[in-house]
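Welcome! Please take a moment to look over the sequence and the 3D view, and then read on for a short tour.

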Amino acid sequence: VLADRVGEKKMTLIGMGAFFAGCIVIGTGNFASALLGNLLAGFGYSATECIVTTILAKLPGAERNVNDSQCAFCVGAVLSPPLLKGLLREWGWRGAFLIPGAAFFLLFYPMAGLKLPHLEEKRREKAGKRRLSNVRILLLLTALMGGYGMIENGSGYYLEGLFSEHLGSGLGAAALSAFWVTMAFGRFLAGRRKPVSGDGKVRCADVGLAFLAVFFVLGILGFWKWGPAALAAAFFLGFFCAPLWPGLMLEAAKAYPQGTGTVIGIMNIAGAVGGAGSPAILGYVKGKA
């Protein structure tokens with residue numbers, strides 16, 4: 001909401017600063033300060049992702065921009081565990097926070113110097129026109145994003161346990177890596193397809209087909225008790241999940257062009273609520289099974 005009123009660049013810098021401060025507080029303090037640092041880092045991370053997505057959705061080539069940014073997100077998820085594993089002997093657990101904090105510090109100055117005059121002009125032009133064009137569409141997109149958050153976080157939370165506990169297989173780590181690698185590849189491909197124009201029906205159809213494919217793959221993971229088949233299912237799960245987050249965000253931005261930051265923030269909340277709920281739901285189902 002603040003990004004739509006004071007500007008995307010200013011709020012991005014605030015988010016980056018909060019994330020950097022949180023990482024430093026966690027990495028250099030004790031247990032009590034780590035709790036405060038987590039709050040700062042969580043706020044900064046979420047604000048930065050929301051507002052950078054808003055900026056990318058407004059720039060020319062929005063589909064490629066958003067898909068490529070989320071491809072980079074997946075690449076980071078794949079590379080960070082082996083990177084940190086190699087550093088933890090000397091850095092301890094603090095390295096897991098000080099390294100990304102330092103990265104945000106280095107990126108702060110290029111972001112501060114970035115010129116986005118056309119975004120500021122659009123914000124001023126539309127300052128008095130912030131009305132949601134279709135509430136029902138936003139409600140549907142929000143519900144779908146909550147479902148996606150449950151799928152992505154549930155997969156990350158329980159995929160390795162599925163292999164070790166229920167399949168008696170040591171392929172869990174490989175399945176988790178396959179999930180993120182294929183999601184990165186799928187988003188890279190999605191960013192290089194022909195841009196969708198018109199009323200967005202093509203993108204909506206793609207999102208719907210991707211959800212159907214995801215549910216089919218989840219069924220294989222749930223009922224086919226064979227390690228190699230489950231590993232292949234995890235591979236395809238990441239690929240079919242790839243277009244969902246960017247596609248839903250782009251549709252939301254189109255539905256509320258006068259307040260893109262606000263609507264993308266709402267969508268991120270929905271994804272976070274779904275992601276936070278999935279471990280509890282999985283634990284409850286597992287306890288009842």
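## Where two helices meet

This is a predicted model. On the H7 side of one helix contact are Tyr-148, Glu-152, Ser-155, Gly-156, Leu-159, Glu-160 and Phe-163, and they meet Gly-172, Ala-173, Ala-175, Leu-176, Phe-179, Trp-180, Met-183 and Arg-187 in H8. Sorted by character, the residues of this contact between H7 and H8 are nine nonpolar, three polar and three charged.

How do the axes of H7 and H8 cross? Helix H7 covers residues 135–166 and helix H8 covers residues 172–190; their axes come within 6 Å and cross at roughly 150°. Because angles over 145 degrees count as roughly antiparallel, H7 is roughly antiparallel to H8.

## A mostly covered helix

Next, have a look at helix H11, residues 244–255. At 1.5 Å a residue, its 12 residues should span 16 Å, and the end C-alpha atoms are indeed 16 Å apart, so the two values agree.

Is H11 mostly covered or mostly open? It is mostly covered, with 11 of its 12 residues buried. Among the buried residues are Leu-244, Trp-245, Pro-246, Met-249, Glu-251 and Ala-255.

## The cysteines

How many disulfides does a search of the whole structure find? The search finds zero. For Cys-71, the closest cysteine sulfur is in Cys-74, 6.6 Å away, which is too far for a bond because a disulfide needs the sulfur atoms within 2.5 Å.

Cys-71 counts as buried, at 13% relative accessibility. Cys-23 is buried too, with a relative accessible area of 2%.

Key: Residues are numbered from 1 along each chain as its sequence is written. This is a predicted model: local features need pLDDT of at least 70, side-chain atom pairs count only at pLDDT 80 or more; totals for chains, interfaces and linings use all residues. Side-chain values use heavy atoms; hydrogens and water are left out. Axes are lines fitted to C-alpha atoms, for helices over the stretch in contact, and angles run from 0 to 180 degrees between N-to-C directions. Helices (H or I, at least four residues) and strands (E, at least two) are DSSP runs, numbered from the N terminus. Angles under 35 degrees count as roughly parallel, over 145 as roughly antiparallel, 65 to 115 as roughly perpendicular and the rest as oblique. Contact means heavy atoms within 4.5 Å. Ala, Val, Leu, Ile, Met, Phe, Trp, Tyr, Cys and Pro count as nonpolar, Asp, Glu, Lys and Arg as charged, and the others, Gly among them, as polar. The expected span of a helix is 1.5 Å times one less than its number of residues. Buried means under 20% relative accessible area, exposed over 50%, partly exposed in between (1.4 Å probe, protein chains only).
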